[in-house]
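Grab a coffee and work through a few exercises on this protein. Try each task on the structure yourself before reading the solution.

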Amino acid sequence: MSGPLRVLVGCETSGVVRRAFAARGHDAWSCDLLPAEDRSNRHIIGDIRHHLCDGWDLLAVMHPPCTRLCNSGVRWLHVPPKGKSVAQMWADLDDAVDLFSACLNAPIPYRALENPVMHRHARERITGLPKGHHVQPWWFGDPFFKSTGLYLVGLPPLRATDRLTPPQRGTPEHRAWSAIHRASPGPDCTRFRSRTFPGIAQAMADQWGSYAVSRMRAAA
C-alpha cells in the first residue's frame with residue numbers, strides 16, 4: 001500500500017475529522033443517519049453498519065450513541081426517565097452495544113471509537129473491548145475541558161501536540177473552558193457537545209494517518 005488511506009469517519013455530521021484526513025490527501029468519507037452540515041458529497045447518509053465491509057483502511061467512529069453506555073447514564077437503567085420503561089432502557093442499551101461492537105470488531109485494520117467512560121453493564125456486553133485512552137482538547141491547542149475516551153485497535157494513543165495551561169478554578173477563563181459542561185440542555189447542546197475539536201482531529205489525521213500508512217507500506 002503506497003497511496004492514501006481509505007478512511008471512514010462514522011457518526012459524524014460536522015465533517016471536522018473527515019476534512020482533517022482529506023486535507024492530508026486521504027480518501028476520507030463520513031457517515032451518519034443525518035446529512036453532513038457542510039453538505040459534502042463525501043458523506044454517506046445511512047447506518048454505518050451497512051458500510052463496514054466496503055474496503056476501508058481506517059475507521060474512526062467519533063460520536064456513537066453513548067447515553068446508554070456511559071457512566072452518567074447508568075441510573076436510567078434502574079429509574080427510567082419519564083415516558084420510558086425499564087425494559088425499554090435495557091433494549092436501548094443492547095442497541096447501543098450492537099452498534100459499538102459492530103464498529104469495534106469491523107473488518108478494518110485500524111479502528112478508533114470515541115466514547116466516555118462506560119458502566120459495567122456496557123463493558124460486560126462488548127466483546128474485545130480494549131482499555132480506554134482519554135485525551136483533552138487543551139492538550140491539542142483548543143481551550144476547553146472535555147475528557148474524550150478513545151478505544152483503539154491497531155492504533156497508538158494520541159500524543160499531545162500543543163498542551164495549554166488550564167486556568168484557575170473560579171476565574172472567567174475557567175468558566176469559558178467549561179462551556180461544554182455548562183451548556184443548557186437541548187438540540188444545540190447535543191450538537192455542540194458532540195463536535196470533535198480541530199486540534200484533536202488534526203492530531204488523529206497526522207498521527208494515525210502516518211502510522212497506518214507506514215505500517216501498511218512495511219507489510220506490502
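**Exercise 1. Cys11 and Arg39: which is buried and which is exposed, and where does each sit?**

Solution. Start with Cys11, which is buried, with a relative accessible area of 11%. Keep in mind that this is a predicted model. Next, place Cys11 on the chain: look in the loop between strand 1 (6-10) and helix 1 (16-23). Then check its backbone: phi is near 55°, a positive value in a residue other than glycine.

Now do Arg39. Its relative accessible area is 78%, so Arg39 is exposed. You'll find Arg39 in the loop between strand 2 (27-32) and strand 3 (43-45). Arg39 isn't a glycine, yet its phi is positive, at about 60°.

**Exercise 2. Work out how many disulfides the structure holds, then check Cys31 and Cys53.**

Solution. Recall what you're looking for: a disulfide is a covalent bond between the sulfur atoms of two cysteines. The count here is 0 disulfides. Take Cys31 as a test case: the nearest cysteine sulfur belongs to Cys11 and is 7.4 Å away, and Cys31 is in no disulfide. The cut-off for a disulfide is 2.5 Å, so a sulfur pair has to lie within that. Cys31 has a relative accessibility of 1%, so it counts as buried.

Repeat the check for Cys53. The nearest cysteine sulfur is that of Cys103, 11 Å away, and Cys53 is in no disulfide either. Cys53 counts as exposed, because its relative accessibility is 65%.

**Exercise 3. Find the aromatic pairs and say what the Phe100 and Tyr151 pair ties together.**

Solution. Count first: there are 5 aromatic pairs. One of them is Phe100 with Tyr151, with 5.9 Å centre to centre and 85° between the planes, an edge-to-face pair. Now locate the partners: Phe100 is in helix 2 (residues 86-104) and Tyr151 is in strand 7 (residues 148-153), so the pair ties together parts that are 51 residues apart in sequence. Finally, look at accessibility. Phe100 is buried at 1% relative accessible area, and Tyr151 is buried at 5%.

**Exercise 4. Which rings do Arg6 and Arg163 lie over?**

Solution. For Arg6, go to Trp56: Arg6 lies over the face of that ring, at 4.2 Å from the ring centre. For Arg163, go to Trp139: the charged end of Arg163 sits over the ring, 4.7 Å from its centre.

**Exercise 5. How far apart are Ala60 and Tyr110, in sequence and in space?**

Solution. Begin with Ala60, which is in strand 4 (residues 58-61). Its relative accessible area is 0%, so Ala60 is buried. Then compare the two separations from Ala60 to Tyr110: 50 residues in sequence, and 8.5 Å in space, C-alpha to C-alpha.

**Exercise 6. Describe the largest cavity and what lines it.**

Solution. Rolling a probe the size of a water molecule over the atoms shows where empty space is left. The structure holds 1 cavity of 30 Å³ or more, and the largest cavity has about 60 Å³ of space. Next, read off the lining: Met62, His63, Glu114, Lys146, Thr148, Arg195, Thr196, Phe197, Ile200 and Met204. Last, sort these residues by type, which gives 4 nonpolar, 3 polar and 3 charged.

Methods
Residues are numbered from 1 along each chain as its sequence is written. This is a predicted model: local features need pLDDT of at least 70, side-chain atom pairs count only at pLDDT 80 or more; totals for chains, interfaces and linings use all residues. Side-chain values use heavy atoms; hydrogens and water are left out. On a 1 Å grid over the protein atoms alone, a cavity is a set of points where a 1.4 Å probe fits but cannot get out, and a pocket is an open set with protein on both sides within 12 Å along at least five of seven lines; lining residues have an atom within 4 Å of a point. Grid points are joined across faces, edges and corners, and a volume is the space filled by probe spheres set on the points. Ala, Val, Leu, Ile, Met, Phe, Trp, Tyr, Cys and Pro count as nonpolar, Asp, Glu, Lys and Arg as charged, and the others, Gly among them, as polar. Helices (H or I, at least four residues) and strands (E, at least two) are DSSP runs, numbered from the N terminus. Buried means under 20% relative accessible area, exposed over 50%, partly exposed in between (1.4 Å probe, protein chains only). Rings of Phe, Tyr and Trp (its six-membered ring) pair if their centres lie within 6.5 Å; planes under 30 degrees apart count as stacked, over 60 as edge-to-face and the rest as tilted. A charge sits over a ring if NZ of Lys or CZ of Arg is within 6 Å of the ring centre and within 35 degrees of the ring normal.
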